[in-house]
Amino acid sequence: MYVSILGRQPALGIAELERVFGGGNVTPLSSLAATIDTPLLDIRNLGGTLKAGKVVIDLPSGDWSKVNQKVIQYYADQWASYEGKITLGVSSYGFDVSSREVQKIGITLKQKLKKTGVSLRVVPNSEPALSTATSHHNKLGLSANKVELLIILARNGRIVVAESTGGQNISAYAKRDQERPKRDAFVGMLPPKLAQIMINLAHPDAGARILDPFCGTGVILQEASLMGYRVYGTDLVDKMISFSRDNLEWLSRTHRVDVRSDLHSGDAMTTKWQSPIDAVVAETYLGQPFSAPPSMPKLEEVRKNCNHIITEFLKNLSSQITSGTPVCIAVPAWRSVDGSFTHLPFITTITQLGYKPHEFHNVSQNDLLYYREDQIVARELLVLVRQ
Ligand SMILES: C[S@@+](CC[C@H](N)C(=O)[O-])C[C@H]1O[C@@H](n2cnc3c(N)ncnc32)[C@H](O)[C@@H]1O
């Protein structure tokens, strides 16, 4: 069994895990973590998981001092005759403990192991949980002698200890996000992690051909190519097609990936796409960006316009894809000062357009919103299947 330490918007991480591993195999422990019943979990393609780990201790109940003792006993035995140097980081999630108390586990183990001649380096904690950057820079979880323990207290009192199998590769994400030759602040910058989440939410079969009819600078096409999919991008604006082409050419050169792509301009409301279309993943038109909440009439105008474009797109698409084709789209939802959201009207009548929403075990549609605290326009993720 594995654990996932969830990202900033945990519901998105849970939804992603449910689609990839099956809803019945994912159990949320708290808003910070979940267990996944699977023999193998590869974090590289999971945008919503910060760290993954293999469960080593699972207690139905207990407290910090009990788990402390268990962990120290377990690893003092495990490493008693280890040859070579071990680096250890400890992260706690959900416990009311200080960084010092967490680090004490490593220090106690270091003292015990010293007596048997084993050398242990403890990664210092400035927080009860090591940041993804610290775990990444120390290469924790990536080899047998660089270990990070993830100690998690679940909402129901269960305690799970897992050995990290790696954290998110933040430098690889930053490179893919910032070193692409063509970026465009106006069409927006879809973070590569969110693109991965969206591709996983559609959950296409291996090697499938994915259509993005609002491809812009091509972030979804890029991430899908890295995940081994064939990609097909269209966009209303010719310049965007040339941006996507340049970015995919850069990807194939710098990441040694075999990009299999088709690109051409076209209006998503009327284009006739070339088959096959095995899955559709797109960040649709989000309307104009706002830095402050718009007036009601302005919001209504933008909302109506986006609703029209996306509804016409979905109608056009439904006549061109076969029953069962998965679709994951990001559409705009606007945040008001009180934190509530104004949604697009078509969402409540999506079945009339020929699509069935995917039902998650632990997540509802209202949870599938991606935004930063300073953003007015959130991205609402719709996970659909053509009926
Ligand atoms: C939010 S951006 C998508 C950005 C994209 N995810 C990326 O990686 O850059 C929306 C895109 O939709 C395009 N667009 C707007 N209206 C469209 C339409 N009717 N048909 C097709 N594309 C459209 C815009 O040109 C823009 O590139």
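A positive surface patch is formed by Lys-85, Lys-110, Lys-114 and Arg-121 in this predicted model. One member of the patch, Arg-121, sits in strand E6, which covers residues 119-122. Arg-121 is partly exposed, and its relative accessible area is 33%. That value passes the cut-off of over 30% that patch residues must meet.

The overall fold comes next. The chain has nine helices and 17 strands. Its radius of gyration is 23 Å, close to the 21 Å that the globule rule gives for 387 residues, so the chain is as compact as a globular protein of that length. Along the principal axes, the C-alpha trace spans about 75 × 45 × 40 Å. Buried residues make up 53% of the 387 in the chain.

Salt bridges were searched for across the whole structure, and 15 were found. Three of the pairs are described here.

Glu-223 pairs with Arg-176, and the closest N and O atoms are 2.7 Å apart. Glu-223 belongs to helix H7 (residues 219-226) and Arg-176 to helix H5 (residues 170-178), so this salt bridge ties together parts that are 47 residues apart in sequence. Both partners are shielded. Glu-223 is buried, at 1% relative accessibility. Arg-176 is buried as well, with a relative accessible area of 10%. Each falls in the buried class because the cut-off is under 20% relative accessible area.

A second salt bridge joins the side chains of Lys-182 and Asp-246, with an N to O distance of 2.5 Å. Lys-182 lies in the loop between H5 and helix H6 (192-202), while Asp-246 lies in helix H8 (residues 238-254), so the pair ties together parts that are 64 residues apart in sequence. The accessibility of Lys-182 is 26%, which places this residue in the partly exposed class. Asp-246 is also partly exposed, at 29% relative accessibility.

The third pair is local. Glu-300 and Arg-303 meet through their side chains in a salt bridge of 2.9 Å, N to O. Both residues lie in helix H9 (residues 296-318). They are three residues apart, about one turn of the helix. Glu-300 is partly exposed, at 35% relative accessibility. Arg-303, at 18%, counts as buried.

Backbone geometry was examined next. Most residues other than glycine have a negative phi, and most peptide bonds are trans. Several sites depart from this pattern. Ser-275 and Pro-276 are joined by a cis peptide bond, with omega about 0°. Pro-276 is located in the loop between strand E11 (261-265) and strand E12 (279-283).

Positive phi values occur at His-203 and Arg-256. For His-203, which is not a glycine, phi is about 55°. This histidine is placed in the loop between H6 and strand E9 (209-212). His-203 is partly exposed, with a relative accessible area of 36%. For Arg-256, phi is near 45°, again a positive value in a residue other than glycine. Arg-256 is placed in the loop between H8 and E11. Its relative accessible area is 79%, and Arg-256 counts as exposed. Both of these sites are thus in loops.

Two further loop residues, Thr-38 and Leu-236, were considered through C-alpha separations. Thr-38 is found in the loop between strand E3 (33-36) and strand E4 (49-59). This threonine is buried, at 11% relative accessibility. Thr-38 and Leu-50 are twelve residues apart along the chain, and their C-alpha atoms are separated by 18 Å.

Leu-236 occupies the loop between strand E10 (230-235) and H8. At 60% relative accessibility, Leu-236 is exposed. The exposed class applies because the value is over 50%. Leu-236 and Gly-216 are 20 residues apart in sequence, and their C-alpha atoms are 8.8 Å apart in space.

Definitions and conventions: Residues are numbered from 1 along each chain as its sequence is written. This is a predicted model: local features need pLDDT of at least 70, side-chain atom pairs count only at pLDDT 80 or more; totals for chains, interfaces and linings use all residues. Side-chain values use heavy atoms; hydrogens and water are left out. A salt bridge is a side-chain nitrogen of Lys or Arg within 4 Å of a carboxyl oxygen of Asp or Glu. Helices (H or I, at least four residues) and strands (E, at least two) are DSSP runs, numbered from the N terminus. Buried means under 20% relative accessible area, exposed over 50%, partly exposed in between (1.4 Å probe, protein chains only). Patches are made of residues with over 30% relative accessible area and no salt bridge: like charges are joined within 9 Å, nonpolar side chains (Val, Leu, Ile, Met, Phe, Trp, Tyr) within 5 Å. Accessible areas come from the Shrake-Rupley method with a 1.4 Å probe; for residues, only the protein chains shown count as cover. Lys and Arg count as positive and Asp and Glu as negative; His and the chain ends are not counted. The place of a charge is taken as NZ of Lys, CZ of Arg, CG of Asp or CD of Glu. The radius of gyration is taken over C-alpha atoms; the globule rule is 2.2 Å times the number of residues to the power 0.38.
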